[in-house]
Amino acid sequence: MSANGSVKNRSKDTGHRKRSSGDIHKQIEQFVPGSTVPDDNRQTTVNLLICVGGIYASFLTWGILQERITTTSYGSAASPEKFKAPIVINTVQSTLACLLGYIYLRFTRRKSSDLPVFPTTSIIFPLLLVALTSSLASPFGYASLAHVDYITFILAKSCKLLPVMALHVTLFRRKYPLYKYGVVALVTGGVAIFTLHHPSGKKKGAQNSSAWGLLLLSINLLFDGLTNSTQDHIYKAFKPYTGQQMMCGLNLLSTILTTGFLLVEPWLNTTVVGAYLGMKPGRGELEAALAFVQKYPQVGWDVLAFAACGALGQVFIFYTLSTFGSLLLVTVTVTRKMLTMILSVVWFGHKLSPMQWLGVGLVFGGVGLEAQLSKREKQAKVAALKKQK
């Protein structure tokens, strides 16, 4: 009798250890929503070089093309023209990203029923919300580039933790460690210094338009914050939803939304709603963009290259996340943004004052500090979970 009881106890203990070992990854996911547990078998130097090289190559090229598309003047010097079609650009990029994301999804499936794009109907609404905020963010970002220089744009885009933190605290009632508020203070101070120390000598109209550009950029960051905080919620609420599923699903919904708007825009321009929103009657953005590309074909090739770089970059981002985890991804993306900014200075001849370089140092120092302290925090949590096995 006692022997049978001992065997049963040992069996239960063995089963408990197996379950604990299998569940530790799920417990880590609960502590760090939106990040995936790395696959040790794929953590090789070759894969690391592929991930880092892919992200750098894709988004450094993406950044140069973005600035060229939005700031280059075409035509004669007497009557220069600029390509102003942010929704068309966004639609082309989301379409290519959706196609590439589906190929990525099919490649990672073990059988046809694995990894559905929409595993449940309840996930469609939050995904649609993310698609809407991300689709709205891009036009405001592109519009701001007409009033602020690209360096300010990149620096501000590096400060996504500001709106993300604010929205997590207000909407999702999340609490942060004290050091993260210190990081926010560093980043905010860096942005303020950089913005307030633009070289003098600009015309008054340019200064006024700069204030308008900063407002547009702030709206862009707000929508970015809504996008990222809602994505975190989706990863947490719909486990085990993967990066490649979200890449395909979000870009599909974004393409449907923006294409629908482009098709109804000519009609909307003639309505009371369009007049209230300041939309002018006439041809819509899609027709105007096609006419511009026919007149200046180089723009079309730049838009396609821009979209292809963005779509390919998303694949490398999601692969890095699934292979090495979110900590390495944060490090890579932060250094990529710094290289994008420096490359813009060299490529397009921008000049920064000493105080602006101080602002740059504060921003990237704060973001780097955030990545380092977050790494230590996560390592401590993982160590604590392993002790509980």
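Read from the N terminus, the protein chain runs α-α-α-α-α-α-α-α-α-α-α-α-α-α. That pattern corresponds to 14 helices and 0 strands. The model is a predicted one. The chain has 389 residues, of which 43% count as buried. Its exposed surface comes to about 21,000 Å², and carbon and sulfur atoms supply 65% of that area. Among contacts between residues at least 6 apart in sequence, 82% join residues at least 24 apart.

An unreviewed UniProt entry carries the annotation "transmembrane region" for residues 46-65, 85-105, 117-138, 150-171, 178-197, 209-227, 248-268 and 303-321. Two of these segments can be set against the model. Over residues 85-105 the chain is 95% helix and 0% strand, with 30 Å between the end C-alpha atoms. Over residues 248-268 the figures are 100% helix and 0% strand, and the end C-alpha atoms lie 29 Å apart.

The segment 248-268 brings the reader to helix 9, which spans residues 243-268. This helix has 26 residues and reaches 35 Å from its first C-alpha to its last, close to the 38 Å expected at 1.5 Å a residue. Helix 9 has a kink of about 30° at Leu 262, shortly before the proline Pro 266.

The packing of nonpolar residues comes next. The largest nonpolar core holds 28 residues. Those that touch the most other members are Ile 69, Phe 83, Ile 89, Phe 292, Val 299, Val 303 and Phe 306. Several helices give two or more residues to this core: helix 2 (45-71), helix 3 (86-108), helix 5 (150-157), helix 8 (204-237), helix 11 (285-295) and helix 12 (297-324). Ile 69 serves as an example: leaving out residues up to four places away in sequence, Ile 69 touches Phe 83, Ile 89, Asp 302, Val 303 and Phe 306. A second, separate core has 15 residues, including Ala 131, Met 246, Met 247 and Val 315.

Individual positions fill in the picture. Thr 70 is found in helix 2. Is this residue, Thr 70, buried or exposed? Thr 70 has a relative accessible area of 14%, and the cut-off for a buried residue is under 20%, so Thr 70 counts as buried. Setting aside neighbours within four places in sequence, Thr 70 is in contact with Lys 82, Tyr 142 and Leu 145.

Gly 101 has its place in helix 3. With a relative accessible area of 0%, Gly 101 is buried. Beyond its neighbours within four places in sequence, Gly 101 is in contact with Gln 244, Met 247 and Cys 248. Met 247, one of these partners, is also among the residues of the second core. The C-alpha atoms of Gly 101 and Ala 311 are 7.9 Å apart in space, although the two residues are 210 residues apart in sequence.

Another glycine, Gly 361, is found in helix 14, which covers residues 354-387. Its relative accessibility is 44%; because partly exposed residues fall between the buried limit of 20% and the exposed limit of 50%, Gly 361 counts as partly exposed. The C-alpha atoms of Gly 361 and Val 187 are separated by 9.3 Å, with the two positions 174 residues apart along the chain counted as their separation.

Conventions:
Residues are numbered from 1 along each chain as its sequence is written. This is a predicted model: local features need pLDDT of at least 70, side-chain atom pairs count only at pLDDT 80 or more; totals for chains, interfaces and linings use all residues. Side-chain values use heavy atoms; hydrogens and water are left out. Helices (H or I, at least four residues) and strands (E, at least two) are DSSP runs, numbered from the N terminus. Buried means under 20% relative accessible area, exposed over 50%, partly exposed in between (1.4 Å probe, protein chains only). Contact means heavy atoms within 4.5 Å. Accessible areas come from the Shrake-Rupley method with a 1.4 Å probe; for residues, only the protein chains shown count as cover. UniProt positions are given in the numbering used here, feature names are shortened, and annotations may be inferred rather than shown by experiment. The expected span of a helix is 1.5 Å times one less than its number of residues. The bend at a residue is the angle between axes fitted to the seven residues ending there and the seven starting there. A nonpolar core is a set of buried Ala, Val, Leu, Ile, Met, Phe, Trp, Tyr and Cys residues joined through side-chain atoms within 4.5 Å.
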